[in-house]
Each structure stands twice: as structure tokens, then as C-alpha cells.
Amino acid sequence: MKNRGEKIAMLTAYDYSMARIIDGAGIDVILVGDSASNVMAGNETTLPITLDQMIYHATSVVKAVKRALVVVDIPFGYYQGSSGEALRSSIRIMKESGAHAVKMEGGSEVKDSVLRILSAGVPVMGHLGLTPQSIYKFGTYSVRAKEEEEANKLLEDALLLQECGCFGIVLEKIPAELAKKVAASVSIPVIGIGAGPDVDGQVLVMQDMLGITKDFKPRFLRRYADLNTIMTNAIGNYVADVKAREFPNQEEKY
Ligand code: KIV
């Protein structure tokens, strides 16, 4: 798709019902992101989610998908220890969920793990820029790589991930000019989130773009629906009907 100049559309999903809708709507890539920790489990960060929980989400998504590529985040604490640990985590994800690839955060720091996972035949996607698993190192969720030193390291890391054999890279919340430079410097697809238009594809968290989450309002987020209002109204109507004895009616009983 990158070679053809066709943009890649990627969204997150964490359960069967939503994955079915997203896949049916023509998405190219579904990411079972560790953002499940935030949007599904209500945690403040992505750090608490476990490998078992990620596999549970991924298994549900894979059952729904007929055409999209399914990529699963290796969660925090399941690949940083050693390349052997990274390999074991990836094998569990692939074997138990049936997903097609794994994603992990970091560049040169995770090189050995990337190589080890790839050597087992598991496709790996990289993730650079704002890497939420390192939030306590960064201290904020603000734009990364604005300074030259960090920008240079990011470009070097992207080239390294490509050289290792990664099939794609997510770039999160970095200046659009830098993202453009990275996408032009590598032949593998670069998927942006808050990385501007000049990359090979875009990814958003499904709950954010559908307007289910309300308080998260970064500049890069476009809301394509206001499901929060639609759902709140629908549930309010149901509650009112039940209370008023208007549901179920004569046709809705056996
Ligand atoms: O976990 C996630 O949803 C992600 C995206 C923000 C790229 O990694």
C-alpha cells in the first residue's frame, strides 16, 4: 500500500462486537492496543494491563475479523526484561489469540527483543515518539522529539527497526515535519497518531474517534460520531420506558 501511495487506515479494538463492525467497515489494520488498560479497564495508564488480559482481548477480536491485519501490543513488563521473555510473550500472543503480529514500544533499547521475536517468524511493528509505557520517564503526554537530539534518535531508531525487519512503525505525537522525514526515509509503512498527514497511514483509539470517551481532547483527535450522547439518550429512553411500563409492549412478549 505504501508503494502504491494508498493510505493505511488503522483503529484499535478490544472486543468481538466492535471488531466485527470495524472489520466490516473496511479497516486495514486492527490494533489490540494496550490502551485497553485505559478505555476498557479504566486505568490511568497503560502500565497495569497484563499479558493474560491482552490475550483475552486479542482472542475476542481475532474471532470477529475476516480481512484486517490484527496487531497486538505486548504490554509493559512482558518484554523489557530480556529477549527471551519478549519471545515467550510474543509466542503466547500468537498461539493463544491467533493474531497476526505484535507491536512493542522503543528503538535501540528493544533491538535484541525485536530480532529474537522476528527470528521466530513473528512479525513485529515498532512504536516510537510518545510511548505511553514510559509515561513515568517522560512525566507528561505532551509532544515528543521537538528537540534536535531526540528527533535524531527517533530517526535513527526508525532506520534501526527497519533494518531489524519490522514491517511497520507507529509514530505517536511528534512534530509533523519529523514524521514526514521518517516516512520518507524508510520503505516500511509509518502509521501516525498525532504525527500529521505526511505518513503512510493513521491510527486512532476507537472509543475516542467514536466519541465514547468525552474528556480526552488532544488536537490530533477527530471525532467521527458522538456515541456518548447517542448511547446516553438511548439508555435514558429505555429507563423511562421501563419505569412507565411502556416496555415491553404487546408485540414484545410471548
Ligand atoms: O495502545 C494503543 O492504542 C496504541 C495506539 C495509540 C497507537 O498504541
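User: In this predicted model, how far is an oxygen atom of the ligand from an N or O atom in the side chain of Ser35?

Analyst: The model is predicted, and its values are computed from the atoms of that prediction. Ser35 is listed among the closest of the 13 residues that surround the ligand, together with Gly33, Asp34, Asp73 and Lys103. Between an oxygen atom of the ligand and an N or O atom in the side chain of Ser35, the distance is 2.5 Å.

User: What distance separates an oxygen atom of the ligand from an N or O atom in the side chain of Lys103, and how much of the ligand does the protein bury?

Analyst: For Lys103, the distance from an N or O atom of its side chain to an oxygen atom of the ligand is 2.9 Å. The ligand taken alone exposes 260 Å², and the part of that area buried by the protein is 95%.

User: With which residue does Lys103 form a salt bridge?

Analyst: The partner lies in strand E3 (residues 69–73), while Lys103 itself lies in strand E4 (residues 101–105), and the pair links parts of the chain that are 30 residues apart. Both residues are buried, and both are listed among the closest to the ligand. Their closest N and O atoms are 2.7 Å apart, and the partner of Lys103 is Asp73.

User: Which parts of the chain does the salt bridge between Asp52 and Arg92 tie together?

Analyst: The closest N and O atoms of Asp52 and Arg92 are 2.7 Å apart. Because Asp52 lies in one helix and Arg92 in another, the pair ties together parts that are 40 residues apart in sequence, namely helix H3 (residues 51–64) and helix H4 (residues 83–97).

User: Which residue is joined with Asp52 and Arg92 into one network by salt bridges that share partners?

Analyst: Asp52 is partly exposed, at 48% relative accessibility, and Arg92 is partly exposed as well, with a relative accessible area of 30%. A search of the whole structure finds nine salt bridges, and those that share partners join Asp52 and Arg92 into one network with Glu96.

User: Is Arg4, which meets Glu6 in a salt bridge, buried or exposed?

Analyst: The side chains of Arg4 and Glu6 meet at 2.9 Å, N to O. Glu6 has a relative accessible area of 37% and is partly exposed. Since the relative accessible area of Arg4 is 62%, and exposed means over 50%, Arg4 counts as exposed.

User: Which residues have the most contacts inside the largest nonpolar core?

Analyst: This core has 60 residues, and helix H7 (residues 148–164) gives the most to it, with seven residues. Apart from it lies another core, of 11 residues, including Met10 and Val203. Within the largest core, the residues with the most contacts are Ile30 and Leu171.

User: Leaving aside neighbours within four places in sequence, with which residues is Ile30 in contact?

Analyst: Ile30 is one of the two residues named for the most contacts inside the largest nonpolar core. Once its neighbours within four places are left aside, its contacts are Leu11, Ala13, Ala19, Ile22, Asp23, Val61, Val65, Ala68, Leu69, Val70 and Val71.

User: Is His57 buried or exposed?

Analyst: His57 has its place in helix H3, where it touches Tyr14, Val32, Ala36, Met40 and Ile49, not counting residues up to four places away in sequence. Because its relative accessibility is 10%, and the cut-off is under 20%, His57 counts as buried.

User: How far apart in space are Asp112 and Glu44?

Analyst: Asp112 lies in helix H5 (residues 111–119) and counts as exposed at 54% relative accessibility. Asp112 and Glu44 are 68 residues apart in sequence, and their distance in space, C-alpha to C-alpha, is 30 Å.

User: What is the phi of Ala145, a residue that is not a glycine?

Analyst: Ala145 is found in the loop between helix H6 (135–138) and H7, and it counts as buried at 4% relative accessibility. Its phi is positive, at about 60 degrees.

User: Which peptide bond is cis, with omega near -5 degrees?

Analyst: The proline of this bond is found in the segment after helix H10 (227–243). The cis peptide bond, with omega near -5 degrees, runs from Phe247 to Pro248.

How values were computed
Residues numbered from 1 in each chain as written. Predicted model: local features only at pLDDT ≥ 70, side-chain atom pairs only at ≥ 80, totals over all residues. Heavy atoms only, no water. Salt bridge = Lys/Arg side-chain N within 4 Å of Asp/Glu carboxyl O. Buried < 20%, exposed > 50% of the residue type's maximum accessible area, 1.4 Å probe, protein only. Helix = DSSP H or I, 4+ residues; strand = E, 2+ residues; numbered from the N terminus. Core = buried A, V, L, I, M, F, W, Y, C linked by side-chain atoms within 4.5 Å. Contact = heavy atoms within 4.5 Å. Near = heavy atom within 4 Å. Polar contact = N/O pair within 3.5 Å; in protein donor to acceptor, adjacent residues only side chain to side chain. Areas by Shrake-Rupley, 256 points an atom, 1.4 Å probe, with all protein chains shown as cover.
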